[in-house]
Amino acid sequence: MKFNITFSISILAALIGASKSLQLNVTAISARDGSSTFECWQVGHPFTRLGAPGRVDAMLGGVSTVSYGVRPANHDAGVHNAPGNQWVAVIGLAYFTLPGDNTTGAYVSSGKSSVIFAADTAEVSRTGHRTQYPGDTETIVLHIPTHDGKVPEHSVLHMGPCGFNDLAGIREFGQEVMSTIPEQAKVEAQDGTMFPFRLW
Ligand SMILES: *[C@@H]1O[C@H](CO)[C@@H](O)[C@H](O)[C@H]1NC(C)=O
Ligand SMILES: *[C@@H]1O[C@H](CO)[C@@H](O)[C@H](O)[C@H]1NC(C)=O
């Protein structure tokens, strides 16, 4: 018993310690030398534990409005600039590419990496980016401009979209917390396909 209590406390301490410095990484569509780029940014305030067990939250800063967009299945929205500096949440599937650069692309779908930041406005990028919605069903897109129209403070982890390793902290938190919360608070896992879309 004593061992169990000590063990739980040390896991909790480890979680609190780890979440203090853990920061969100998001794929950004940014620009360099007048051309749009993909970059992996570390943004926002570090994740903190505010509420019930099994939750960490990160503050991302002020925003102005939010719009709810519906995009049809198998739709090519073409090449465009970001209309302003904004967060974009993809609920469904979007595929972003850069005109004239066939070496990179970013699939963004519901889940851990569904939020990106779009910053390739016409002031900084001549090229823009292309957005396609290759899903077999409609995709919902939330556009959330920053309150001051500026790019939030960030550090650039690397060029190119965020990858598997850039989500390590989120995966680890999920796994660690499952071992500390009571059995009845868990949701039973469901088997079955998780992908309502076809990958090209
Ligand atoms: C990518 O673009 C280069 C240069 O335009 C071209 O030579 C190459 O064949 C292209 N590759 C693919 C896979 O389309
Ligand atoms: C962000 O990226 C760094 C470096 O790749 C990683 O250590 C960290 O866990 C990531 N953060 C999250 C929340 O996954």
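Which residue in β9 is the bridge partner of T97? This tour of a predicted model moves from the whole chain to its two sheets and its ligand shell, and returns to that question along the way.

**Stop 1: the whole chain**

Display the chain as a cartoon and colour it by secondary structure. Two helices and eleven strands should appear. Following the chain from the N terminus, one meets a helix, then the run of strands, and then a helix again: α-β-β-β-β-β-β-β-β-β-β-β-α. Of the 200 residues in the chain, 24% are buried. Among contacts with a separation of 6 or more, 77% join residues 24 or more positions apart.

**Stop 2: the seven-stranded sheet**

Select β3, β10, β5, β8, β1, β2 and β11. In that order, these seven strands form an open sheet with mixed pairing. Its edge strands are β3 (67–71) and β11 (154–159), each of which pairs on one side only. Neighbouring strands of this sheet are turned against each other by 30° on average, direction ignored. When hydrogen bonds are switched on in the viewer, a general principle is useful: the strands of a sheet pair through backbone hydrogen bonds, either parallel or antiparallel.

**Stop 3: β1 and its partners**

Now select residues 24–32, which make up β1. Is this strand mostly covered or mostly open? It is mostly covered, as eight of the nine residues of β1 are buried.

Add residues 35–43, which form β2; nine bridges join β1 to β2, and the two strands run antiparallel. One pair to label is N25 and Q42, since N25 stands opposite Q42 in β2. β1 and β2 form a hairpin with two residues between them. In the turn, D33 has a positive phi of about 50°.

Next add β8, residues 115–118. β1 and β8 pair in the parallel sense over two bridges, and A28 has F117 as its bridge partner in β8. Then add β5, residues 86–91, which pairs with β8 in the antiparallel sense over four bridges. Here the bridge partner of W87 in β8 is F117. F117 is thus a bridge partner of both A28 and W87.

**Stop 4: the largest nonpolar core**

Keep β1 on screen and show side chains. The largest nonpolar core has 23 residues, of which V26, A28, I29, I116, F117, A118 and A119 touch the most other members. The elements that give two or more residues to this core are β1, β2, β5, β6 (93–98) and β8. Which of them contributes the largest share? It is β1, with five residues.

Centre the view on A28. Leaving aside neighbours within four places in sequence, A28 is in contact with E39, W41, I116, F117 and A119.

**Stop 5: the four-stranded sheet**

Select β4, β9, β6 and β7. These four strands, in that order, form an open sheet with antiparallel pairing. The edge strands are β4 (75–80) and β7 (101–109), each pairing on one side only. The twist averages 20° from one strand to the next.

Zoom in on β6 and on β9, residues 129–133: the two strands pair in the antiparallel sense over three bridges. The opening question can now be settled by labelling R130, the bridge partner of T97 in β9.

Stay in β6 and select A94, which lies in this strand. Why is A94 classed as buried? The reason is that 23 other C-beta atoms lie within 10 Å of its own, and 20 or more are enough for a residue to count as buried. Not counting residues up to four places away in sequence, A94 touches V108, T131, Y133 and T139. Draw a distance line to S109 as well: the C-alpha atoms of A94 and S109 are separated by 6.3 Å, although the two residues are 15 residues apart along the chain.

**Stop 6: the surroundings of ligand 2**

Finally, select ligand 2 and the residues around it: L22, Q23, L24, N25, Q42, L157, N165, D166, L167, A168, G169 and I170. Two elements give two or more residues to this shell, namely β1 (24–32) and α2 (168–178). α2 gives the most, with three residues. Colouring by residue type divides the shell into six nonpolar, five polar and one charged. N25 and Q42, the pair labelled at Stop 3, both belong to this shell.

Conventions:
Residues are numbered from 1 along each chain as its sequence is written. Chains are lettered from A and ligands numbered from 1 in the order in which they are written. This is a predicted model: local features need pLDDT of at least 70, side-chain atom pairs count only at pLDDT 80 or more; totals for chains, interfaces and linings use all residues. A residue is near a molecule or strand if its C-beta atom, placed from the backbone, lies within 6 Å of it. Ala, Val, Leu, Ile, Met, Phe, Trp, Tyr, Cys and Pro count as nonpolar, Asp, Glu, Lys and Arg as charged, and the others, Gly among them, as polar. Two strands pair if DSSP finds at least two bridges between them. Axes are lines fitted to C-alpha atoms, for helices over the stretch in contact, and angles run from 0 to 180 degrees between N-to-C directions. A residue is buried if 20 or more other C-beta atoms lie within 10 Å of its own, exposed if 12 or fewer, and partly exposed in between; C-beta atoms are placed from the backbone. Two residues are in contact if their C-beta atoms, placed from the backbone, lie within 7 Å. A nonpolar core is a set of buried Ala, Val, Leu, Ile, Met, Phe, Trp, Tyr and Cys residues joined through C-beta atoms within 7 Å.
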